[in-house]
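User: Could you walk me through this model, one topic at a time?

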2 protein chains.
Amino acid sequence: MKGHLDFLLLAAIAREPRHGYAVAEAIRESSDGAIDLAEGTVYPALYRLEGAGLLSSSWKTVGGRRRRIYRLTRRGRRRLEQERNEWTAFTNAVQAVTT
Amino acid sequence: MKGHLDFLLLAAIAREPRHGYAVAEAIRESSDGAIDLAEGTVYPALYRLEGAGLLSSSWKTVGGRRRRIYRLTRRGRRRLEQERNEWTAFTNAVQAVTT
DNA sequence: CACTAGGCATAGCGACGCTAGGTGTCAAGC
DNA sequence: GCTTGACACCTAGCGTCGCTATGCCTAGTG
């Protein structure tokens, strides 16, 4: 999943604010199981994205379980658009080479 | 370019047998500069693919310069098809998550 | 009570590709 | 004749990045 992780995470959170576990779940489900991120992949990445100012987080307790809810910052939204453009350019390039 | 390198190399050589330098050049040109592989990326990868039985190579001297020409083996062709399928599945999955 | 699902966190490893350096030929320009 | 740049190959070593493995905690279910 190398190199495209941030794009996936940002996109999943852009749909609606989520906590880490739910992000992984959402990605797994909307990709029909094709993309199944380990927790050890998701949590450090979210932490990093927050450190980079692309996400902000807040704690919420639901049914005795604490959740860290992430949402996109303005910079995060901009980054997502950029990631989307890069993704398009990348797939077009690969397509051009491999057809 | 992580994870997709083999696909690109196999596809470029599948079009026609090439030597390392020409492979990088072909990929750069057909991707319109978007994918520009360093030689330190290409040569070890070709060597690895040959070791895996997906490519075979032969030396040729053209104008005093020696070239190592690579071509796909039968296994290489099969692998290319597999890579193509995986690429399609992967892009579909990312598309599903990010739209 | 044990087990599963939900939920967060992180140390450490391994894969992978790139950086940076090296060798050598040939053609063109000063 | 010397330098520069394109052509062509090769490799040691590094850095990034994501995943494995593990630990901790709560709530619900058989």
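The questions and answers below go through the model topic by topic.

User: Happy to start! Which pLDDT limits apply here?

Analyst: This is a predicted model, in which local features need pLDDT of at least 70 and side-chain atom pairs count only at pLDDT 80 or more, while totals for chains, interfaces and linings use all residues. Residues are numbered from 1 along each chain as its sequence is written, chains are lettered from A and ligands numbered from 1 in the order in which they are written.

User: In what pattern do the helices and strands of chain A follow the sequence?

Analyst: Helices (H or I, at least four residues) and strands (E, at least two) are DSSP runs, numbered from the N terminus. Chain A has 4 helices and 3 strands, and its C-alpha atoms fill a box of roughly 55 × 30 × 20 Å along the principal axes. Read along the sequence, the pattern is α-β-α-α-β-β-α.

User: Which strands stand at the edges of the sheet in chain A?

Analyst: Two strands pair if DSSP finds at least two bridges between them. The open sheet of 3 strands has antiparallel pairing and the order β1-β3-β2. Each edge strand has a single partner, so one side of each is left without a neighbour in the sheet; these are β1 (18-19) and β2 (55-62).

User: What is the bridge partner of A:Ser57 in β3(A)?

Analyst: β2(A) and β3(A) pair in the antiparallel sense over 8 bridges. In β3(A), the partner of A:Ser57 is A:Tyr70.

User: Is A:Leu55 buried or exposed?

Analyst: A:Leu55 is found in strand β2 of chain A. A residue is buried if 20 or more other C-beta atoms (placed from the backbone) lie within 10 Å of its own, exposed if 12 or fewer, and partly exposed in between. A:Leu55 has 24 other C-beta atoms within 10 Å, so the residue is buried.

User: How are chains A and B related?

Analyst: Copies are superposed by least squares on the C-alpha atoms of residues with pLDDT of at least 70 in both. Chain A can be laid on chain B with an RMSD of 0.0 Å by a turn of 180° and a shift of 0.0 Å along the axis. That is the relation of a two-fold axis.

User: Which element gives the largest share of the side of chain A that touches chain B?

Analyst: Two residues are in contact if their C-beta atoms, placed from the backbone, lie within 7 Å. By that rule, 21 residues of chain A are in contact with 20 residues of chain B. Of the interface residues of chain A, 95% are also interface residues in chain B, so the copies meet through the same surface. The largest share of the side of chain A, 9 residues, comes from α4(A).

User: Which elements give two or more residues to the surface near DNA strand C?

Analyst: A residue is near a strand if its C-beta atom, placed from the backbone, lies within 6 Å of it. In all, 28 residues surround DNA strand C, the closest being A:His19, A:Gly40, B:Gly40, B:Thr41 and B:Gly64. The elements are α2 (20-30), α3 (39-51) and β3 (65-72) of chain A together with α3 (39-51) of chain B.

User: And which residues are the closest to DNA strand D?

Analyst: Here, α3 of chain A together with α2 (20-30), α3 and β3 (65-72) of chain B each supply at least two residues of the surface. DNA strand D is surrounded by 28 residues, and the closest are A:Gly40, A:Thr41, A:Gly64, B:His19 and B:Gly40.
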